[in-house]
Structures are given as structure tokens and as C-alpha cells.
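Work through these exercises with the sequence and the coordinates open. Each task is followed by a solution in steps.

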Amino acid sequence: MLRFIVRRLLVAAVTLAVISLVTFGLFFAVPSSPAKVMCGKNCTAADIAQVEERLGIRDPLPEQYVAFVRGIAVGRTFGEGDFRRECPAPCLGYSFRNDQPVTEIVAQRAPVTISIVGGAAVVWILLGVSLGMVSALRQGTVFDRMAIGVSLAGASMQVYFFGLILLYVLVYSTGLLPFPSYTPLTEHPGRWALGLLLPWMTLGFLNSALYARLARAQMVETLSEDFVRTARAKGLPRRQVYGRHALRAAITPIVTIAGLDVGTALGGTFITETIFGLQGLGKATVEAVQFLNLPVVMATVLLAAIFIVVANIVVDLLYAVIDPRVRLS
Amino acid sequence: MSDTSHPTLNRAGESPDPMAEVNSPVDVIPVHRRREIVGRSPGQLAWLRLKRDRTALASAVTLVVAVCVALAAPAIQWLTGIDPTDKFVDQLNDFGMPLGYAGGISSDHLLGLEPGSGRDILLQLVYGLRTSLFIAFVSAVLASVVGVAVGIVAGYARGWLDSVVSWVIDVTLAFPFLIFALAVIPIVEDRFFTAREAPPPSFRIALIIATFGLFSWTYTARLVRGQVISLREREFVEAARAAGAGTGHLLLRQLLPNIWAPILVTLSLNVPQFIAVEAALAFVNIGVTEPTPDLGRMIYNSIGYVASDPYYTLFPGLTIFVLVLAFNLFGDALRDALDPRSAR
């Protein structure tokens, strides 16, 4: 078990190193100097040099990369003399646009994305799995057929279309919900939930389609297995057989996909955030990219990769917890 | 769906055991029916199954119509006499909203006008369909070609080459594809063009296709690698090798024909994914640039008008939905037809 975790962590570290290297190499191949843009029109060469020094982009690329990684691990200092500033670990540099520390930007934006994804994941997993389970238990009925149809359509629906439909129907037309907004959970839990209900519904409904299909297929397969028949034959009540025995065996692949989906979504749900005007990580990436604000882009891409890699490890560990047949080695 | 529901298929697929015929008179096939037994290739069998599938038929018709409309875009332009870039500003009110009902739908403008710019939605849609389908098809083919090449080499090579390729696949899969695509496209463009000279639309399109191809070959590669590994020890490969066949012949003539089915399925399921992702990129302004019409950008432009003119959102949104749904259904049907054992 421990060996498994250590090995997975090592692989994860190497993967992240490669991703950061590729991203860094690509991004810093950009020729236009951000220092020139920041400095403005009446700028001498010395001024530009000073700004570049402040931003830490004067050294050759490999040295910049080493400094970047060191900054994340132990922090770094930018500039000299009056312009000297300490950037404590984990240091991701400063925004090219407004000189804000990138760590601060991420800390501001991440809770929004985490709130959106967290709530939506609860909706899509609960809705999807229960829909799939019920249709598996009632194979061939009208309910089953309808559920299959809806999930087929839902799997082909796009967030940008469905979100706008919900926005039109629930906000503009009927006024049932307010326009989405973000209030920190700690500030006002009620307003937090109300403001994020629409994105939760959008992402939740659409993603649940895939889960319903998967859960149904898994459940149908599990129900035909011997241990389910044995459990029924022993006289266990239906609820216990389906809810405990069958569901536990059927849910393993769903956990895999759910874990990876959540990991990917945490990297930024930029479409949802754009539609509903929420200032999450995805929106931050979109904005940063448009202004070639590289330190922010670097941070969000790296963060998204970290989420995916961590989700992979968590899923593998969860496997062993949920399914007693799985042994980690 | 199982084979037993297709009596004709069974007859064609598995020729009855001659001994069984002799021993059990019930199973003896009458002479006049026995002539019908003709050998059918797996491809023909799949084609038969596909033809019998109503979902496949419906989605195929939808797709053919979509492709025809996209191809016939200049004809539609000629018929209506409207250019996709024409701006009918005189038919907008002072606030830039189309006059008339339902977003300015009239006999001249069958799907109405875009608020703000006053362009004809039908023509934008038809030309946008072209952009979408072109990018999705070319990217899917590119991803498949790269994936097949890499997968077949990795599966056949064994040893360090296989390890390296598998590792590259793993790392690429860990890349946050959408976020990365979002970041790569403007940055690469900035490398080649300064802010003053706008890059030609073809450059952006090529960039999008390259990004899609570069990050989506992994799935095909993994699949092909697995298939090749399971096939390379089979007798027919052994026989070909014993007969003195070269590596190229083994890979292309012996192995590839046996794995085209899953490749075709991934290819057909990749297309709707690319349509959706391309529109998603356009949705955040990283997609195809003006003036090339694009479905995703239409939806993006429509966000501000959702409350006042929902039809502007509806038409491109529905188009993408129907297109993606048809491709997904067709891909599923294709998988069922090519591999009847894989029950959904």
C-alpha cells in the first residue's frame, strides 16, 4: 500500500515536471516583451530593463525555469534595491497586468471554481447514479426508455447552449432565480447556494447523463452476477441486495470517471464561468490569455494539471476502499 | 442486442456444422435454402447490421443533410442572394434589435437577423456549419492517423520504444487539454504575428486543428497499441513472418486490417467532440476569428441578447446540438454494428 502510494507520487511529480517544462518553454517563447507594454510609451531602455528585472524575465530561459520552480518550493526575491520584493513560497510570480502576486489571484479565484464544481458534482453523481440504478431495476419499462432517451440527448448537449436556455427560462423569463453570483460560503451559506444554483443545475444535469448511462450498464451487469442471486436466495430484502451488494460492486467504474471529471473540472469551468459571469479559475485563464499574462496562465495550467494528477491518485486509492476485490500493488 | 435476434445473420455468419446436419434431421437445411449460404466478410456483416439499425439510419440521414448543406453553402448564398457578411442595418431598430417577430424572421431572412450587426442568421449558420465540420473532420483524421501510427509502432516494437511511447501517452493524458488549448492558441499566434497585423483566418484554423490533433491522438494510440499487442503473437502474424514478410508488410497488411473497426469508431466519436470543443473555444474568443462565420462564436455573441432576442442563441445552439447528437448516435450504432458483443 505504502509502496504503491510512493510510486504513484513519484510518477505524478515527474509528470507535473514535464508539463510545467513544456508549458514554460512554450509560453516564454513569446517575443513581445511584457515589460514594454507595462512601461508605456515614454520609456527608456533602462526603464524597460528595470521592469524586466522586477518581473524576473531578464535571465535566459533555463535559469528562469529553475527560478520559477525554486519560487514554488522555497520562495524567491524579485528585483534589487528599492524594487526588491520578497515572494514567499509557493511563489508563482506577479501578474504582468497589475503586478498582483499570482498566488493571491489563485487564492481569490479557486474558491469560486471549487464551489461551482463541488455543488455540481453532488448533483451529477447523485442524479446520474440514482437515475441509472432505477432504470436498471426497471429495464424495458417506459421509465427506462425515457431515462435512456434523456441521457442520450443530455450527453450531446453543450454547456454553452443549455446554460443559456436555463438562464433565459429561469432568470429572464420567469424570474424564479436571481442572476448567478458568488458569495463566500462563510459569509452567507444561503446566498452562496442560491447564487450558484444555476451553474450547479447546468453542469449537474448535463454531466449526469453520462453517469446515468454508465450506472445503468454497470448495474444491469452486476444484477446478473451470482452473488446478487445468492443474496436474494438467502432471503435478504431487495433494498439491501440492490442498495448494498449490487451498488457497491457497480459503483467502482463510476468512481473512476467521477474522480477524473471532478479533477478536470476543478482546473476551470471556463464556459460555465463565462456564461454566468463568475470570477473563477477558468475565467481568470481566459482573461489572462487574452492579455498574454503569462505568469497567471502558467499558474492556472499547472494547477489544472495538478488537479488531474491528484484526482488520478485519489481514484486509485478509493478503488481499494470501495471494492474489496481490488488489491493495490 | 444479441446475434440471436437476427436469424439471417446467424445463417450467414456461422455455417452449420455438417455433422450436426446428418445426425439431427431437424437441423437439416433444405437444399433450396442452402444455396443462400454465401460467405460474407466481417465488413459486409457490419454493413448489414448497420442498415437494419433505425437509429443509425436517422442519424446518418441527418449527417448527410448537414454535410450537403455545408457543401452547398455557396448555392444557398446564390439562391437567397445574401452574402454572409451583408449587414441589414436598415432592418434593425435604434437599439440594434431586429425589427419584426422572433428575431426578424421574414421571407427574406428565414432565421432572422443577428442583433447588433444585422447579418443574416441562416447564412451565418450555413457557413458556420462549414467551418465546424471542416475543423472537426480534419482534426479527427489527423488525430487518428497520428494515433494509429504511434500505437502500431509502440505495440509492435516492445522494449524501450514501447515504454517511452506509453509514458508520453500518459503525460499527454494528464495535460489539461481545454485549458492548454486555450492558452496555446493566442500565444503561438503572438509568436508569428504582431498585434498590428491580424493573422489570416486560415492560420487560426490551422492552429486549432494542430492543437486538437496534437492532444487527441492519445486515445487512439492507446487503443491501437493494446490491439496490436494482443494480435502480434497470433498465428497469422507468425505465418507471415515465417514466409519472410518485412516489418512494413506485417504492420500495414497484416495487423492494420484487423484493427480498423475500433479505429473507425473512435474516429466517428472524435468528430462530435471536436465540434463541441471548437465551439467552446470560439465561445471564449479563442476560436475562428471574424469574418469567418462560426457557430460557437455566434452563441458567444448572443449571450448579451439572451433576454431580448433568444432566437439568436437558439438557432446556432440547436444546430450544434443536433449535429453532435447525430454524430454520437451514429458512432454508437457503428460500434454496435462492428462489434455486436459490446452491448451497451
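**Exercise 1. List the residues that B:L182 touches, leaving out those up to four places away in sequence, and place B:L182 in the nonpolar core.**

Solution. The model is predicted. Start with the contacts from chain A: B:L182 touches A:F270, A:T285, A:V286 and A:V289. Then take those from chain B: B:L281, B:V284 and B:I286. Next, turn to the core. The largest nonpolar core has 149 residues. B:L182 is among those with the most contacts inside it, together with A:A305, B:L281 and B:F283. Finally, ask which element supplies the largest share of this core. That is helix α7 (residues 121-157) of chain B, with 16 residues.

**Exercise 2. Describe the side of chain B that touches chain A.**

Solution. Count first. In chain B, 32 residues are in contact with 40 residues of chain A. Then assign elements. Four helices of chain B each supply at least two residues of this side: α8 (159-174), α9 (177-192), α13 (260-283) and α15 (310-338). The largest share, 9 residues, comes from α9(B). Last, sort by type. The residues on this side of chain B divide into 26 nonpolar, 3 polar and 3 charged.

**Exercise 3. Is B:I185 buried or partly exposed, and what is the status of B:I299?**

Solution. Apply the cut-off: a residue is buried if 20 or more other C-beta atoms lie within 10 Å of its own.

- B:I185 is placed in helix α9 of chain B. It has 19 C-beta neighbours inside 10 Å, so B:I185 counts as partly exposed.
- B:I299 is placed in helix α14 (residues 295-302) of chain B. It has 30 such neighbours inside 10 Å and therefore counts as buried.

Now look at the contacts, leaving out residues up to four places away in sequence. B:I185 touches B:L207, B:I208, B:T211 and B:I286. B:I299 touches A:Y160 and A:F161, and in chain B it touches B:A279, B:F283, B:T313, B:P316 and B:G317.

Close with distances. B:I185 and B:I286 are 101 residues apart along the chain, and their C-alpha atoms are separated by 7.0 Å. B:I299 and B:V168 are 131 residues apart in sequence and 36 Å apart in space, C-alpha to C-alpha.

**Exercise 4. Compare the end-to-end span of helix α8 of chain A with that of a straight helix, and locate the bend.**

Solution. Helix α8 of chain A covers residues 189-223, which is 35 residues. At 1.5 Å a residue, a straight helix would reach 51 Å. The end C-alpha atoms are only 41 Å apart. Look for a bend: α8(A) turns by about 45° at A:L197. A proline, A:P199, follows within four residues.

**Exercise 5. Check the UniProt "transmembrane region" spans of chain A against the model.**

Solution. The unreviewed UniProt entry lists residues 112-134, 146-172, 192-212, 246-271 and 291-322. Take two of them. Residues 112-134 are 100% helix and 0% strand, with end C-alpha atoms 33 Å apart. Residues 146-172 are 93% helix and 0% strand, with end C-alpha atoms 29 Å apart. For context, chain A has 14 helices and 2 strands. Of its 329 residues, 39% count as buried.

**Exercise 6. How many residues of helix α6 of chain B are buried, and what follows this helix?**

Solution. Helix α6 of chain B (residues 73-80) has 8 residues, and the number buried is 0, so this helix lies largely in the open. Just after α6(B), B:G81 takes a positive phi of about 70°.

Conventions
Residues numbered from 1 in each chain as written. Chains lettered and ligands numbered in written order. Predicted model: local features only at pLDDT ≥ 70, side-chain atom pairs only at ≥ 80, totals over all residues. Expected span 1.5 Å × (residues − 1). Bend = angle between axes of the 7 residues up to and from the residue. Contact = placed C-beta atoms within 7 Å. Nonpolar A, V, L, I, M, F, W, Y, C, P; charged D, E, K, R; others polar. UniProt positions renumbered as here; feature names shortened; annotations may be inferred. Core = buried A, V, L, I, M, F, W, Y, C linked by C-beta atoms within 7 Å. Buried ≥ 20, exposed ≤ 12 C-beta atoms within 10 Å, placed from the backbone.
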